[in-house]
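Please open the model in your viewer with the backbone drawn as a cartoon, and keep the sequence panel at hand. The tour below moves from the whole chain to a sheet and then to one helix.

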Amino acid sequence: MPSTKLQIEALDATFGARIADLTLTSIDDDTFAKLYAAWLEYGLLVFPGQFMSRAEQIAFARRFGALEFELAALSNVQEDGTVRPDDNEDEIIKVLKGNMGWHHDSTYMAVQAKGAVFTAEVVPTRGGATGFADMAAAYEALDATTRTRVEGLRAHHSLYHSQAKVGHVGQLGSHGVGFDNKGGYSGYGFHDGPVSVRPLVKTHPETGRKNLLIGRHAYDIVGMDAEQSEALLAELVEFACQPPRTYHHQWQSGDAVVWDNRRLMHQATPWPMEQPRVMWHSRIAGDPVTEAALTA
Ligand SMILES: [Fe+2]
C-alpha cells in the first residue's frame, strides 16, 4: 500500500502546521516517517477530529520515542463528576494555573522532555486555548548584543520555584509519585534530586538549530544576582513570546496535537473554571545524551 501524502497546511506563525484528513491510529511506517520529518520542521502538528482512545494515544506517542509518562489527565473534573472548586486551595487547580506561564516541560527533571501528544476530550465553551511559542525563531530574532549576552549562560530550573511564584508551595511526597489515585496530573516534578541547571541557548539535537531555553521554571542564572537574573529571564520571555512566534490553539473535542518540547514553549490559558475541561497528555522522554541537565 503506498504511504499517504501529507496535506500540510502551515499555521500563520513561524512554526506549526495543521494536517487534516489523516487518521493517526492507522498510518503506516512510511507515512509516520514523513509525519516525523514534518514535526521536526514545524515543531507543532495539529490534527483535528481524531478522538483517539487512551490506548491509541499512548501507542501514537510511542512512535516518537520512549515515554516519560504514558498518559495524564489535565482536568478540573473530580472523580464524582463535579468540577474542582476554584478556591485557591485545590492543589490540582494550582498546578493547572501554574501551567498558564510559558514553559518547556520537564526542564526541572534530570532529563528534559522531547515532546508531548496532547488531546482534548471535554472543552469549555470559551477560553482554555493552549499557546505555543517558537524559541528557535526567538533566538534568531534576538539582536546581536543580546545573543552574545545569553550565549554561555546557565539557569537553574525547578518546579518548586515556578509554583511558588503562583502561590503554590509544592511539597515532596504530597502527591505520591506525581499523579493522583485516578491518574490525574498533580504534583509531578516535586522531587528531591539535584536542581537542574540548563543552558539558556541550546542546540536542537535533530535539526541543529539553536533555540532559547527559558520559561517559568528557570531562575537564578549562574553568576548573576537573583534580581538581575529575574529581569533578564523575564525580558527574554516577553520578547520571545510575541507574534509571529506564537500560536494559540482553540480546542475542539477530539483534536490532537504533538509538539517538540526542545524547540517550543507552551502555556495554558484561562477559561471559566466552573466549566469542565478534560485534556490528556502523553509525555515523550528526552534523550539523556542531549536533554540531561548540566552539573552546576
Ligand atoms: Fe506543560
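## The whole chain

Begin with the complete chain, coloured by secondary structure, where you should find eight helices and 15 strands; bear in mind throughout that this is a predicted model. Turn the view along the principal axes, and the C-alpha atoms will be seen to fill a box of roughly 55 × 45 × 35 Å. The radius of gyration of the chain is 19 Å, which agrees with the value near 19 Å that a compact globule of 296 residues would have. If you colour by burial, buried residues account for 40% of the 296 residues in the chain. A contact map would add that, among contacts between residues at least 6 apart in sequence, 80% join residues at least 24 apart.

## The seven-stranded sheet

Next, select the open sheet, in which seven strands follow the order E1-E2-E3-E13-E5-E15-E4 with mixed pairing. Its edges are strand E1, residues 8–10, and strand E4, residues 67–75, each of which pairs on one side only. Looking across the sheet, you can follow a twist that averages 20° from one strand to the next.

Now restrict the selection to strand E5, residues 115–122, together with E13: these two strands run antiparallel to each other and are paired over five bridges. For a pair to centre on, choose Val117, which stands opposite Val258 in E13.

## Helix H1

Move on to helix H1, residues 29–42, whose 14 residues reach 20 Å from the first C-alpha to the last, close to the 20 Å expected at 1.5 Å a residue. Which residues of H1 are buried? Show the side chains of Leu35, Trp39 and Tyr42, for these are the buried residues of the helix. Viewed down the axis of H1, the buried residues fall within an arc of 85°, and so they line one face of the helix. The spacing has a general background: an α-helix has 3.6 residues a turn, so residues three or four places apart point the same way.

Rotate to the other side of H1, where Asp29, Asp30 and Ala37 are exposed. Then return to the buried residues of H1 and display what they pack against, namely strand E2 (17–19), strand E3 (44–47) and strand E13 (256–260), the strands that also stand in the sheet order E1-E2-E3-E13-E5-E15-E4.

Finish at the residue that follows H1, Gly43, where the backbone has a positive phi, near 80°.

Methods:
Residues numbered from 1 in each chain as written. Predicted model: local features only at pLDDT ≥ 70, side-chain atom pairs only at ≥ 80, totals over all residues. Helix = DSSP H or I, 4+ residues; strand = E, 2+ residues; numbered from the N terminus. Expected span 1.5 Å × (residues − 1). Buried ≥ 20, exposed ≤ 12 C-beta atoms within 10 Å, placed from the backbone. Arc of directions from axis to C-beta. Contact = placed C-beta atoms within 7 Å. Rg over C-alpha atoms; globule rule 2.2 N^0.38 Å. Pairing = 2+ DSSP bridges. Axes fitted to C-alpha atoms, helices over the stretch in contact; angles between N-to-C directions.
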